[in-house]
Amino acid sequence: MLKLKGATVRFGGRAVLDEVGLDVAEHEIVCVLGPSGSGKSTLLRAVAGLQHLDDGRIFLDGRDLDGVPAHKRGVGLMFQDHQLFPQRDVAGNVAFGLRMHGESKQRQALRVEELLTLVGLPGAQGRAVASLSGGEQQRVALARALAPRPRLLMLDEPLGQLDRSLRERLVVELRELFAELGTTVLAVTHDQGEAFALADRVVVMRDGRIAQTGTPLEVWQRPADAFVARFLGFEN
Ligand code: ADP
Ligand code: MG
């Protein structure tokens, strides 16, 4: 469904994304892991159309995305710092993606109710964004990203601001949710526990390159090199 070929992004002569090749199949959940600065967010931004490629190609359903603007790519992106609209209430935030797609008021309200239930915030429609905890805000951001039913959903550190127990619970919920919706997911995290619990396949990045890709079990049992092993927390 998604294919990257030699995807390269340079900042000031340095390749932050260095000839990355990656295939994501329909309905697959792929988690990109790697230390801070390894290029994870840049990868997602490039697929979303928020970052221009200096080299290489990205295909979605066989279509070359070169020159296709972000809003026409059919991908959803949820940022690390979820950027909710502080002046809108919860419903206004979630409905944002629906209004863009021209749904009627009544259908919007039903869909918002459904989405808030899905993310575990039933009845939160009228609440002010400022009154929500970090975890609740992340759930709202997730509901907003899911609203237009993107075929490909990209999550950048989606659970970064939650405490560990909530994160572990939400990861299980998310897996079920994505399976149910049939959403293809490309998620970024620096938390390997989260990646291993969520992903069908993990991609480990280092300095803009893919150090290893495989199922969580494959990567865990056979790290490709010393870097991956160290990153996974093995001593040697
Ligand atoms: P990660 O998400 O894995 O932490 P990023 O993709 O955000 O990594 O960043 C990779 C590298 O690219 C970092 O060294 C970062 O400083 C650099 N970088 C990211 N965006 C820009 C930018 N707009 N201009 C210059 N350098 C950038
Ligand atoms: Mg990042």
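How many bridges join strand β1 to β2, and do they run parallel or antiparallel? I looked this up in the model, which is predicted.

**Entry 1: the four-stranded sheet.** I found seven bridges between β1 (residues 2-11) and β2, and the two strands run antiparallel. For one position in this pairing, I noted that L4 stands opposite L22 in β2. I then examined what packs on the sheet: helix α1 (residues 40-48) does so, with contacts to β1, β2 and β4 (55-60). The direction of helix α1 makes about 65° with that of β2.

I next traced the strand order, which is β2-β1-β4-β5 in an open sheet with antiparallel pairing. I recorded β2 (14-24) and β5 (63-64) as the edges; each has a single partner strand, so one side of each is left without a neighbour in the sheet.

**Entry 2: the six-stranded sheet.** I read the order of the second open sheet as β6-β7-β8-β3-β9-β10, with mixed pairing. Its edges are β6 (75-78) and β10 (209-214), and because each has a single partner strand, one side of each lacks a neighbour in the sheet. I noted that neighbouring strands here are turned by 15° against each other on average, direction ignored.

**Entry 3: the β6 edge.** Which strand is joined to β6, and by how many bridges? I found strand β7 (residues 152-156), joined to β6 by four bridges and running parallel to β6. Within this pairing, I identified M154 in β7 as the bridge partner of L77. Lastly, I checked helix α4 (residues 134-146), which lies across β6 and β7. Helix α4 runs at about 170° to β6.

Conventions:
Residues are numbered from 1 along each chain as its sequence is written. Chains are lettered from A and ligands numbered from 1 in the order in which they are written. This is a predicted model: local features need pLDDT of at least 70, side-chain atom pairs count only at pLDDT 80 or more; totals for chains, interfaces and linings use all residues. Two strands pair if DSSP finds at least two bridges between them. Two residues are in contact if their C-beta atoms, placed from the backbone, lie within 7 Å. Axes are lines fitted to C-alpha atoms, for helices over the stretch in contact, and angles run from 0 to 180 degrees between N-to-C directions.
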